[in-house]
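Here are my notes for you, as numbered points. Keep the structure open while you read and look up each spot as we get there.

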Amino acid sequence: MPSSAATVVAALLTSLGLGLLAAAPAEAAPAAGPTRPGPLTVATVTQQGAVVDFGRSRGAGRLTYRIKAGGKTVATTRRTSRVAVPLACGRTYRVTAVAVDRRGRRSAASPGARLRTPACLDRTAPTAPATLSATSRTGSEVRLTWPAAGDRVGVTGYLVYRDGVVLGGSATRSYVARNLRPSTTYTFAVRARDRAGNLSRPVTLRTTSGRPEQATGDVRAYVLTSDGESFTDAQRHYRQLDRVFPTFFEVSRAGDVTGTGRPALTTWFQDRGVKVLPRFHSEDPGAIEALVADPAARAHGAATIAAIVRDGGYDGASLDLEMNMPATGVGDLTKMQRWQRLRDGYSAFVEEITALVHADGGLVSVAVSPNWCTRTDPQTRAVLYCTDSASASTVRPRAYLFDYARLGAVVDELWVMSWGLHWSTSESGPVADARWLAAVTDYFHDLLEDRPDVTAELTLGTNLYAMDWSETVVRTDRIAWPGTPFPTAPACPVPSRTARARTSYEGTPGAGTLVVEWVCLSRAATTREYDGVLAVLGQFTSHVFDTDSAENVMTAADPSVPGAQRVLWYVDDRTIQRRAALAADRGWNLGFWRLGREDQTIWNLAELQGSKP
């Protein structure tokens, strides 16, 4: 064919090819390959190589990492830490890591590190220790020992490995491997190292850590993530616990959850037979109402909580949503209709959570505010306790959120928060008077007398903290009672405070004199733990154990407020013994808010020694 014709044909073919390509649909852009690994750092360097670490890459599927030194691949691994890299002695290298996915796509090289291996001097490795033995085991530690290794120059130490990862070095012939899981099998290895950095072949041992003593107790307790002593205290007394409620999570109005768990502590307790039910908490009235009144938010919140319990390996969930009921209606709802919507919405929320958590084999505990029946003695104006759960005196805004019977029908525990009879802005008094606790338990038994399935789930939650008030008696009235109008309260020195009446009787009730002390707070109470109480004991002039309330009371003049008296109520082992005996008598479980700084002698009480097999 003449060259001119060939040129024409070639041009025609090219034109046709281009036309076909242009007409073809565009191919989809390939998925992105792995991301660049994080910076590479060098842990150790010897004549024979180095141990390096680098940041994990992100990519589809399982990734392989190629370690490059001097432009060549010198190691392939799936690990990102303690990676052994073989190198020649006496050379300088730049070492990087490249991620490769299953489709062979490579990432960019990680930020690298420069290193120089020691000069090529002693190339003879030490002999390996003859044996490796475990001389003692606990649930979290194994002590390893071995005989001396030999070397023509001199052994300088030993490297200890667990499952191929370097734990550390030892200059002696023993090492304690810590932070182990109980009843778990590990492979340990030891290699001798000489002055030139030569390593012997490893001597290995496959052994199992010990099984710790299991918990046999019945106590349920909250532990605070904000106080390290709280977890330490729970670990110290774990044998007497049945379950712990770590304060890990907060719940929002949209049903979202914030907070972070602590997996190592969770498994620590579970390995010892203590169940872990993290707390999901809110005391924001607006958030709670928005959450429980909206079916979509409830469903999202329930699914979120159940997923956290499942994915975190927890034994269940502890729900702690608390609020005073609103004082008004909203929209077209009256106050009581609004209350009922909140009450029904919260019950539905708990039911949704429980169904999901139970489906995964978990437990659900719900913290509920206490309720009780009261009446006023007409002769003395003293507050007396009664057992009628239908009394008008039991309609308490703090407790109305909780439909005890409906909740108890689905959950595994109703934790009754039995504290707060006196609080930071009330007049001083016992935080959980023993007589009041009896009234609380009486209320529940009267309300649920036909529901033994629910009463078996009740826990008497009790405080371990103290409260330290400063208050002033601004006026004292003495009147004949009954028969004389009750006096009008005086104003407090601080306008935002309200005077509260404290009454006592002189003589025979009904024929003597009623003494009315009008008390104003000089300052709101300070919350103290037991160790904080011990720190201020010397500041008080009177110290009495009040047998009626089963709490201690200390008083002294308050030097910071002229005419004021400082009053501190606190619990000790005698208090807890009374409360534990009450719980046992009623068939309730006993729970503590919260562990960390309580009177440590309570753990010696026979009532807290547990009964689980």
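1. Let's start with the disulfides. This is a predicted model, and a search of the whole structure turns up two disulfides. A quick reminder: a disulfide is a covalent bond between the sulfur atoms of two cysteines.

2. One of the two disulfides is formed by cysteine 373 and cysteine 386, with their sulfur atoms 1.8 Å apart. Cysteine 373 sits in strand 23 (residues 373-376) and cysteine 386 in strand 24 (residues 383-386), so the bond ties together parts that are 13 residues apart in sequence. The link of cysteine 373 and cysteine 386 is left-handed, with -80° about the S-S bond. Are these cysteines, 373 and 386, buried or exposed? Both cysteine 373 and cysteine 386 are buried.

3. Now find cysteine 492 and cysteine 520, which are joined by a disulfide with an S to S distance of 2.0 Å. Cysteine 492 is in the loop between strand 27 (466-480) and strand 28 (500-506), while cysteine 520 belongs to strand 29 (residues 513-528), so this pair ties together parts that are 28 residues apart in sequence. The torsion about the S-S bond of cysteine 492 and cysteine 520 is about -85°, so this disulfide is left-handed. Cysteine 492 and cysteine 520 are both buried.

4. Next, the sheet around there. Six strands make an open sheet in the order 28-29-27-32-31-30, and the pairing is antiparallel. Which are the edge strands? Strand 28 and strand 30 (542-546) are, since each pairs on one side only. Neighbouring strands of this sheet are turned by 30° against each other on average, direction ignored. In case pairing is new to you, strands of a sheet pair through backbone hydrogen bonds, either parallel or antiparallel.

5. For a closer look at one pairing, try strand 27 and strand 32 (residues 565-570), which pair in the antiparallel sense over five bridges. Follow serine 470 across and you land on its bridge partner in strand 32, arginine 566. Helix 11 (residues 573-586) packs on this sheet, touching strand 30, strand 31 (551-557) and strand 32. The direction of helix 11 makes about 145° with that of strand 31.

6. On to a parallel region. Strand 21 (residues 316-321) and strand 22 run parallel and are joined by four bridges; here glycine 316 stands opposite leucine 363 in strand 22. Going from strand 21 to strand 22, the chain crosses through helix 6, and this β-α-β crossover is right-handed. On its other pairing, strand 22 runs parallel to strand 25 (residues 413-417), again with four bridges, and alanine 367 stands opposite tryptophan 415 in strand 25. How many of the six residues of strand 22 (residues 363-368) are buried? Five are, which leaves the strand mostly covered.

7. Helix 6 (residues 335-359) deserves a look of its own. Its 25 residues reach 36 Å from the first C-alpha to the last, close to the 36 Å expected at 1.5 Å a residue. Just after helix 6, glycine 361 takes a positive phi of about 85°.

8. Back towards the start of the chain, strand 1 (residues 41-46) and strand 2 (residues 49-53) run antiparallel, with five bridges between them. A hairpin of two residues joins strand 1 to strand 2. Among the facing residues, valine 45 stands opposite alanine 50 and threonine 41 stands opposite aspartate 53. Three strands form an open antiparallel sheet here, in the order 1-2-5. Strand 1 and strand 5 (83-86) are its edges, each pairing on one side only, and the twist averages 25° from one strand to the next.

9. Last, some backbone details worth checking. Most residues other than glycine have a negative phi, and most peptide bonds are trans. Tryptophan 481 and proline 482 are joined by a cis peptide bond, with omega about -5°; proline 482 is in the loop between strand 27 and strand 28. Tryptophan 593 and arginine 594 also share a cis peptide bond, with omega about -15°. Asparagine 179 has a positive phi near 60° and is exposed, with a relative accessible area of 73%. Serine 183 has a positive phi near 50° and counts as partly exposed at 43% relative accessibility.

Terms used
Residues are numbered from 1 along each chain as its sequence is written. This is a predicted model: local features need pLDDT of at least 70, side-chain atom pairs count only at pLDDT 80 or more; totals for chains, interfaces and linings use all residues. Side-chain values use heavy atoms; hydrogens and water are left out. A disulfide is a pair of cysteine sulfur atoms within 2.5 Å. Buried means under 20% relative accessible area, exposed over 50%, partly exposed in between (1.4 Å probe, protein chains only). Two strands pair if DSSP finds at least two bridges between them. Axes are lines fitted to C-alpha atoms, for helices over the stretch in contact, and angles run from 0 to 180 degrees between N-to-C directions. Contact means heavy atoms within 4.5 Å. The expected span of a helix is 1.5 Å times one less than its number of residues. A crossover is right-handed if, with the strands pointing away from the viewer, the path from the first strand over the helix to the second runs clockwise.
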